[in-house]
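Welcome, and take a moment to look over the sequence and the model before reading on. The report below walks through the fold one part at a time.

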Amino acid sequence: MPKDSPPRQRLLAAVFASLGEGGKAQRVEDRIVEGIAAGVLADGDRLPSEAELASSMGVATVTAREALVGLRSRGLVATRRGRDGGTFVTVPTGRRAELVRGRLGRMSRVELRDLAIHYRAIAATAAELAAEFADPDDAEVLRRILHGTHPSGVGGALVGEFLLELAALSQSARLTREFVRLYKDFGPLMSLLHEDDEFDATMVAYCERIADALAAADAAAARETVTAQIHTGLAALIDEHARLTDRPADPTPATDQRRTG
């Protein structure tokens with residue numbers, strides 16, 4: 001698997017984590033598609049071997065093999081033989097966006113809001129704790145992430161990396177794992193909106209305010225700013241969902257900005 005920053009390593013771990021009881025080929029396939037849609041698995045990335053995939057996801061080798069067959073049939077991976085062979089992701093950036101739009105279009109508005117509520121609750125709590133535990137260098141670390149570069153080229157990748165690192169600063173391993181799991185589901189949906197420069201600038205501005213809150217050790221401001229950021233994102237997602245499904249958006253999203261998770 002590709003070596004990269006700690007936030008992306010956490011996302012990769014979430015993609016290949018154990019499926020628990022009843023792991024089926026379709027679930028393995030779906031998990032890898034989620035990783036591709038999230039930009040965690042980029043075009044040209046090498047997947048683990050069948051045996052490694054089976055071991056990490058807690059399934060039989062034949063199940064992992066069946067999942068890879070399904071992915072190959074969809075044109076999402078290709079297998080090469082030889083010393084430098086293996087199974088590689090074959091998804092250009094444009095195709096990745098198609099996968100995400102397809103997923104958003106298949107979701108109901110209730111599912112979308114429920115995911116956002118859960119995501120907001122975990123993200124806001126993580127931000128609050130991060131501000132409580134922050135040392136003087138943490139805000140600068142976050143700002144450097146925000147103004148750096150990201151190898152995936154996926155819209156919103158830097159904002160996503162910022163939020164993943166923010167969750168890690170909560171100093172709660174369990175909370176961080178839950179945020180990573182939710183981000184894997186919610187982050188790709190948000191990436192669609194980052195294709196709009198104005199929306200992207202708005203999300204970056206929220207992140208700057210979050211970094212300011214950490215610098216001031218202001219836990220309440222950190223929580224409120226993350227809540228407002230996700231509220232803004234959900235409102236835009238509902239509009240995009242309505243466009244994809246040709247249904248009018250509701251005038252007020254369920255996650256009211258005044259609530260704090």
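To read helix packing, it helps to know that axes are lines fitted to C-alpha atoms, for helices over the stretch in contact, and that angles run from 0 to 180 degrees between N-to-C directions. Two packed helices are described by the angle between their axes and the distance between the axes. Please keep in mind that this is a predicted model.

## The chain as a whole

The protein chain has 11 helices and 2 strands. Following the sequence, the elements come in the order α-α-α-α-β-β-α-α-α-α-α-α-α. Of the 261 residues in the protein chain, 50% are buried. Contacts often bridge long stretches of sequence: among those between residues at least 6 apart, 72% join residues at least 24 apart.

## Helices packed together

Here are three helix pairs to look up in the model.

| Helix pair | Angle between axes | Distance between axes |
|---|---|---|
| α10 (residues 197–215) and α11 | about 170° | 8 Å |
| α7 (residues 138–146) and α10 | roughly 165° | within 8 Å |
| α9 and α11 (residues 219–245) | roughly 70° | within 10 Å |

Let us begin with α10 and α11, which pack at an angle of about 170° with their axes 8 Å apart. Angles over 145 degrees count as roughly antiparallel, and α10 is therefore roughly antiparallel to α11. The crossing of these two helices is left-handed. On the α10 side, the residues in contact include Phe-199, Met-203, Tyr-206 and Ile-210, and on the α11 side they include Ala-221, Val-226, Gly-233 and Ala-236. Sorted by character, the residues of the contact between α10 and α11 are 12 nonpolar, 5 polar and 1 charged.

Helix α10 also packs with α7, and their axes come within 8 Å and cross at roughly 165°. That angle makes α7 roughly antiparallel to α10. The crossing of α7 and α10 is left-handed. From α7 the contact takes Ala-139, Leu-142, Arg-143 and Leu-146, which meet Val-204, Cys-207, Glu-208, Ala-211, Asp-212, Leu-214 and Ala-215 of α10. This contact holds 8 nonpolar residues, no polar ones and 3 charged ones.

How do α9 and α11 lie to each other, given that their axes cross at roughly 70°? Angles of 65 to 115 degrees count as roughly perpendicular, so α9 and α11 are roughly perpendicular to each other. Where they meet, α9 brings Phe-186, Leu-189, Met-190 and Leu-193, while α11 brings Ile-230, Gly-233, Ala-236, Leu-237 and Glu-240. The residues of this contact divide into 7 nonpolar, 1 polar and 1 charged.

## A charged residue in α9

Helix α9, which spans residues 173–193, is also the place of Asp-185. Is Asp-185 buried or exposed? Buried means under 20% relative accessible area, and Asp-185, with a value of 16%, is therefore buried. Apart from its neighbours within four places in sequence, Asp-185 is in contact with Glu-34, Arg-103 and Leu-115.

## The strands and a proline

Now turn to the two strands. Strand β1 (residues 77–80) and strand β2 (residues 86–89) run antiparallel and are joined by 4 bridges. One pairing to look for is Val-77 with its bridge partner Val-89 in β2. The two strands form a hairpin with 5 residues between them, and Gly-82 in the turn has a positive phi of about 105°.

Pro-48 sits in the loop between α2 (25–37) and α3 (50–57). With a relative accessible area of 12%, Pro-48 is buried. The C-alpha atoms of Pro-48 and Phe-88 are 9.2 Å apart, although 40 residues separate the two along the chain.

## Two loop residues with positive phi

Most residues other than glycine have a negative phi. Which values, then, do two loop residues that are not glycine show? Gln-171 has a positive phi of about 65°, and its place is in the loop between α8 (157–168) and α9. Gln-171 is exposed, with a relative accessible area of 58%. Ala-217 has a positive phi of about 55°, and that residue lies in the loop between α10 and α11.

Definitions and conventions. Residues are numbered from 1 along each chain as its sequence is written. This is a predicted model: local features need pLDDT of at least 70, side-chain atom pairs count only at pLDDT 80 or more; totals for chains, interfaces and linings use all residues. Side-chain values use heavy atoms; hydrogens and water are left out. Buried means under 20% relative accessible area, exposed over 50%, partly exposed in between (1.4 Å probe, protein chains only). Contact means heavy atoms within 4.5 Å. Angles under 35 degrees count as roughly parallel, over 145 as roughly antiparallel, 65 to 115 as roughly perpendicular and the rest as oblique. Ala, Val, Leu, Ile, Met, Phe, Trp, Tyr, Cys and Pro count as nonpolar, Asp, Glu, Lys and Arg as charged, and the others, Gly among them, as polar. Two strands pair if DSSP finds at least two bridges between them. A crossing is left-handed if the near helix is turned anticlockwise from the far one by less than a right angle, and right-handed if clockwise.
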